[in-house]
Structure formats: structure tokens, C-alpha cells
Amino acid sequence: MKSLILLLLLFISSPFVQAQQYKSNWESIDSRPIPQWFEDAKFGIFIHWGLYSVPAWAPADADIGIYAKYAEWYWWRINEESKAGRLFRDYHDKMYGADFKYQDFAPMFKAQHWDPAQWAKIFKDAGAKYVVLTSKHHEGFTLWPSEQSWNWNSVDIGPHRDLCGDLSTAVKDAGLHMGFYYSLYEWYNPLYKNNLEKYVDDHMIPQMKDLVTRYEPDILWTDGEWDHPSEKWKSTEFLAWLYNESPVKDRVCVNDRWGSKTRGKHGGFYTTEYDLVHDGAGGEMEKAWEECRGIGTSFGYNQIEDLDNYQSSDALIDMLIEKVAGGGNLLLDVGPTSDGRIPVIQQQRLADIGSWLAVNGEAIYETRKWDGAKTNKIENIFFTRNDDYLFVHCTKFPAEPINLKGVKATAVSMLGYSGEISFKTSGNSTKIVVPQISPADNSGEFAWIFKVEL
């Protein structure tokens, strides 16, 4: 009998039995739970870095819409017949000449001052828990030695380095989760333009599988999906492989950009971008979700952005609070220079976020949205919670007591403040008395958090 049970257990645990747990359809793919680490992490760093970092230009202050201010779209814009396109083309012709091709930027992308360990330290000190690097943007240039992008990658030309591999090692060594952005489409790839099925079978899917098997990322963040439905991209077939057979099948997270009209409907976590929503994403999210945006008006580095184009540290911390209180994550982008430096103003913003999280991180990490927030709508106040505590985030220091409905506190404290916090309970409500404090009493700034024990 024991032998029979043992054989049964071995059979159940066999990889042949467990294979194809997820089928190549959206109903099955969407049934996979998001790995818990992603919902616990809350704060990640996006990196847009590539050939577009050489011209590093977009009309940051022009009235052309947010998307037209993305410097990483430089190649597309200089060929586009539009108001934005004319601005890009005029700049390009003036700076480089009408005969200078975008491909000529490749040998100018050198990354000569790049130190991946320094980047990883900056991100860790910022309090980020994961990093997502653009392995390939819509231009098709890869930051790893992809066989499908011969002489159009960072090892064959330009830096002559495996940028994906070197950063992945540094980020993982720092104890952070590593992920990759990958564009499904390529603007000017002849194979994509002339034979989509062959492009998907012989170029796109092999590249994605190479990224996954070579670097074992915890996130695969796709984009450039809007030209075709997910069936044309064979997205569910790839995701079934990713979830069933890949070396990261148990921990990898994916977003929702797998085909036209999949955002906010299919995939792992839903995405918003500069607070703009697509195809049903936004509002009351049904799944884990993430807001992505740059510190300035662009993802890729834009050398003409000035102080007015950058979010302040205060605004960024308020944004982090707002997204986490809404049940989401914040993926905040840095745009490095072509020689491999993170601009000092971006470093400063990250350092401020890190200093704030060092004091207040327990109210951010491993928390969830509080259902009671709907009946406690108070200006400049947001809420997160875990199993034991409710955290009351004040993005402006409150001048009046805070009245919480449906909360019966047993203790109240303020993160970063050693003094006692007075409070009163009445029935099923609590009133927090705001203390009179000075900077000498409190180590926090930008936002203040009351920790309410339930």
C-alpha cells in the first residue's frame, strides 16, 4: 500500500503531469494569480536607455500632447507628418543634417561612463524593490547580443557590452527583482512590415524566449502591441510557455500589453501611463496594477527638460502614496545619458524618495488598499493597511483632528516621531489629535503617516 501511495505521489509531482497547467487561451492565462512579491513591492524603477539617448531631444514645452514629448520616439517623429514631426525634423536637420540617418547614432551610443553597480545602489537606496530595463524599444535595437538583431545590438556596435546582462547581475546582487521591457513591434523592420507571422515566429518570440532563458527576469513588460490583436502576436501561446515551462514560471510577472484591446482586460497586472488609461484600464482595477511615468515629461533622456518639466520630490512621494493607496504600484522612470550616467536631478529625486521610505516604508511595502477609504474621503489624506495596522497618509500636515469612521483604534503613533499621539474612540469611530511638532521632533518630510493599531 505504501509503495502504491509513493508511486502516486511521484506521478502527481512529475513534470509530465504538471506540464500545460495553463492553456494558450486568455481564460486560462488570466486565471494565474499574480506572484505576491509584485503586490508587496509597490515601488519600481523603469529605465529607458538606447540609441535615442544620443540625440536625447523632444519638444518638452510644445502643445503637442504628452506622447509626442517622448524622446525615445525620436526616429519615428523625424519621419512623421504632424506638428510634432515637423518640430523633431527641424531639430534633427539643424543639429545633424538632412542626410544623417538614425542608424548613424549607433556608434555614438558608447555607455563609456556606465557603472551598473552604481545604478543598482542608486535604485536600492531609493527604496525601489524592482527594476525594469528597456531591452528593446520600438526602434528594434537590443541591449543584449540577440541573434535576431545582428549588428543592431549593444554588443556588436556602440558600447560593445551586454547591457541587459551586466545590469541584471548588478540588480540581483543588490537584492532587487530584475525585469525587462520588450517592444513587440519594430517600426521599420522589413520582416515586421511585410510578413507579420514570420516576424512573430522567427524574430519576436525567439527574442523573448532568449531574454527569459538567458537572464531569468522576474518581470517581462511588453509594449508596442497596438497594431494587432493578441492572436496575431501569438501572445497566449508564448505566455503558456512562460507559465508552464520557462525557468521563471513560478515567479515571473507580466503586464497587460499583449495585443490591441488587451490593456486592462488580459495579462498579469494592468498598466496606466502618465495617469492616462487605455482600453478599460483605470478606475477600480480588478487586478494588481501599476502606474508608469517619467520624472519629467519623457521616459528617455531629454536634454532640454528644465526644472519646470520635472516633478518635485514632494509631488513624486504624493504620487507614490496615491497609487499604493489605490491598490497599485508606481514604476518611476529614469532616462540615462548615452554615456551611462543618471542625470543628477533624477538621482536627487530618487534620494529624497529613499529617505522618506526609510522612515515610512512600513506604510507602503506589503500593504493593501483599505476598503474603508470610500467612507473616509478626506482632502490630502490616503490610507493603506496590513493585517494589524491602518496607515493614515497625510500629504499635507493636517491642521485639524482627523476623524476616522468605522475605525476603533487601540493605539496610535506617527512614523518618525517619538512622542505620544492622543486619540479618542467613540463607538466605531476614532479621532486622532494632531500633535504640535517641529522638525527637531520628527525625522520625516513631504508626507506624514499615523499608524493606527486596530
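**Aromatic pairs, buried helices and enclosed space**

Asp40 has a relative accessible area of 15%, which puts this residue under the 20% limit, so Asp40 counts as buried. The model discussed here is a predicted one. Asp40 belongs to helix α4. Leaving aside residues up to four places away in sequence, Asp40 is in contact with Tyr365, Glu366 and Arg368. One of these partners turns up again in a charge-over-ring arrangement: the charged end of Lys129 sits over the ring of Tyr365, at 4.5 Å from the ring centre.

Helix α4 also takes part in the aromatic pairing. In total, the structure holds 47 aromatic pairs. In one of them, the ring centres of Phe38 and Tyr130 are 5.6 Å apart and the ring planes meet at 45 degrees, so this pair is classed as tilted. This pair ties together distant parts of the chain, since Phe38 sits in helix α4 (residues 36-41) and Tyr130 in strand β2 (residues 130-136), with the two positions 92 residues apart. Both Phe38 and Tyr130 are buried.

A second tilted pair is made by Phe238 and Trp241, with 5.6 Å from centre to centre and 35 degrees between the planes. Here the two partners share one element: Phe238 and Trp241 both lie in helix α12 (residues 235-244), 3 residues apart, or about one turn of the helix. An α-helix has 3.6 residues a turn, so residues three or four places apart point the same way. Phe238 has a relative accessibility of 2% and therefore counts as buried. Trp241 comes out at 13%, under the 20% limit, so Trp241 is buried too.

The rest of helix α12 follows suit. Of the 10 residues in α12, 9 are buried, so the helix is mostly covered. The buried set consists of Ser235, Thr236, Phe238, Leu239, Ala240, Trp241, Leu242, Tyr243 and Asn244. What does the cover over these buried residues of α12 include? Among the elements involved are α3 (26-29), α10 (196-215), β4 (219-223), α11 (230-233) and β5. Tyr243, one of the buried residues of α12, also has a charge over its ring: the charged end of Arg32 lies 4.0 Å from the ring centre.

Then there is the empty space. Rolling a probe the size of a water molecule over the atoms shows where empty space is left. The second largest pocket holds about 330 Å³ of space. Its lining is made up of 24 residues, and those nearest the pocket centre are Asp223, Trp226, Arg257, Arg263 and Glu273. Sorted by class, the lining of this pocket has 9 nonpolar, 6 polar and 9 charged residues.

As for enclosed space, the structure has 1 cavity of 30 Å³ or more. The largest cavity contains about 60 Å³ of space. Which residues come closest to the centre of the largest cavity? Of the 13 that line the largest cavity, these are Gly296, Ser298, Glu305, Tyr310 and Gln346. The lining of the largest cavity breaks down into 5 nonpolar, 6 polar and 2 charged residues.

Gln346 deserves a further word. This residue is located in helix α14 (residues 344-360). At 4% relative accessible area, Gln346 falls under the 20% limit and is therefore buried. Not counting residues up to four places away in sequence, Gln346 touches Ile295, Tyr301, Tyr310, Val334 and Gly335. Tyr310 is thus on the contact list of Gln346 as well as being among the residues closest to the cavity centre. By C-alpha position, Gln346 is 31 Å from Ser82, and 264 residues separate the two along the chain.

Finally, a couple of backbone oddities. Most residues other than glycine have a negative phi, and most peptide bonds are trans. Lys261, although not a glycine, has a positive phi of about 70 degrees. Tyr274, not a glycine either, also has a positive phi, of about 50 degrees. Lys261 is in the loop between β5 (253-254) and β6 (270-273), whereas Tyr274 is in the loop between β6 and β7 (289-294). Are these two residues buried or exposed? Lys261 has a relative accessible area of 56%, over the 50% mark, so Lys261 is exposed. Tyr274, with 11%, is buried because this value is under 20%.

Methods:
Residues are numbered from 1 along each chain as its sequence is written. This is a predicted model: local features need pLDDT of at least 70, side-chain atom pairs count only at pLDDT 80 or more; totals for chains, interfaces and linings use all residues. Side-chain values use heavy atoms; hydrogens and water are left out. Rings of Phe, Tyr and Trp (its six-membered ring) pair if their centres lie within 6.5 Å; planes under 30 degrees apart count as stacked, over 60 as edge-to-face and the rest as tilted. Helices (H or I, at least four residues) and strands (E, at least two) are DSSP runs, numbered from the N terminus. Buried means under 20% relative accessible area, exposed over 50%, partly exposed in between (1.4 Å probe, protein chains only). A charge sits over a ring if NZ of Lys or CZ of Arg is within 6 Å of the ring centre and within 35 degrees of the ring normal. On a 1 Å grid over the protein atoms alone, a cavity is a set of points where a 1.4 Å probe fits but cannot get out, and a pocket is an open set with protein on both sides within 12 Å along at least five of seven lines; lining residues have an atom within 4 Å of a point. Grid points are joined across faces, edges and corners, and a volume is the space filled by probe spheres set on the points. Ala, Val, Leu, Ile, Met, Phe, Trp, Tyr, Cys and Pro count as nonpolar, Asp, Glu, Lys and Arg as charged, and the others, Gly among them, as polar. Contact means heavy atoms within 4.5 Å.
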